[in-house]
Amino acid sequence: MARQKATVTLDRDKVEQARALIGGRSMSEVIDVALGRLIRAERLRRDVEAYARQPLTEDELALVDLQPSLDLGDDDVDYDALYGVP
């Protein structure tokens, strides 16, 4: 990834708070981490938005009516004895 110097105007208090939160060593590192997280969050937001626009298929709608099976096959385990009853 190509890097280049840039002149920006920043709120130094925000940069210092962010640096402390991520343990960054420099302002450049903080900005790089922040931009990376912003890019990932925005891509995720756009993906979710795209999926929300796509209507569910008949197969997906049928899954809603399925009853989950919670049989873990562990009838011989005495969880009350192991963990107590809250």
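In helix 2, Arg 45 and Glu 42 sit 3 residues apart, which means about one helical turn separates them. The model is a predicted one, and here the two side chains form a salt bridge whose closest N and O atoms are 2.5 Å apart. Neither end is buried: Arg 45 comes out as partly exposed at 40% relative accessibility, and Glu 42 is partly exposed too, with a relative accessible area of 27%. The pair also belongs to something wider, since a network of salt bridges links Glu 42, Arg 45, Arg 46, Glu 49 and Arg 53.

Across the whole structure, the search turns up 7 salt bridges. One of them joins Arg 25 and Glu 29, at 4.0 Å from N to O. Arg 25 counts as exposed, because its relative accessibility is 75% and the cut-off for exposed is over 50%. Glu 29, at 25%, is partly exposed.

Helix 1 has a salt bridge of its own, between Glu 16 and Arg 19, with the closest N and O atoms 2.6 Å apart. These two residues are 3 apart in helix 1, so about one helical turn lies between them. Both fall in the partly exposed class, Glu 16 at 40% relative accessibility and Arg 19 at 29%. As for the helix itself, it spans residues 12–22, and just 1 of its 11 residues is buried, so helix 1 lies largely in the open. Its N-terminal end is capped by Asp 11, which places a side-chain oxygen 2.9 Å from the backbone nitrogen of Asp 13. After the helix comes Gly 23, with a positive phi near 70°.

On to the aromatics. There is 1 aromatic pair in the structure. It is made by Tyr 79 and Tyr 83, which are stacked at 6.2 Å centre to centre with 15° between the planes. The stacked label applies because planes under 30 degrees apart count as such. Both tyrosines belong to helix 4 (residues 79–83), and being 4 residues apart they are separated by about one helical turn. Tyr 79 is partly exposed at 40% relative accessibility, whereas Tyr 83 is exposed at 65%.

Finally, the pockets. The largest pocket has a volume of about 520 Å³. Its lining takes in 17 residues, with Arg 3, Gln 4, Ala 6, Ser 28 and Ile 31 nearest the centre. Helix 2 (residues 27–53) supplies the largest share of that lining, at 7 residues. By type, the lining splits into 9 nonpolar, 4 polar and 4 charged residues.

Conventions. Residues numbered from 1 in each chain as written. Predicted model: local features only at pLDDT ≥ 70, side-chain atom pairs only at ≥ 80, totals over all residues. Heavy atoms only, no water. Buried < 20%, exposed > 50% of the residue type's maximum accessible area, 1.4 Å probe, protein only. Polar contact = N/O pair within 3.5 Å; in protein donor to acceptor, adjacent residues only side chain to side chain. 1 Å grid on protein atoms, 1.4 Å probe; cavity = no way out; pocket = protein on both sides within 12 Å on 5 of 7 lines; lining within 4 Å. Points joined across faces, edges and corners; volume = space filled by probe spheres on them. Nonpolar A, V, L, I, M, F, W, Y, C, P; charged D, E, K, R; others polar. Phe/Tyr/Trp six-rings, centres within 6.5 Å; stacked < 30°, edge-to-face > 60°.
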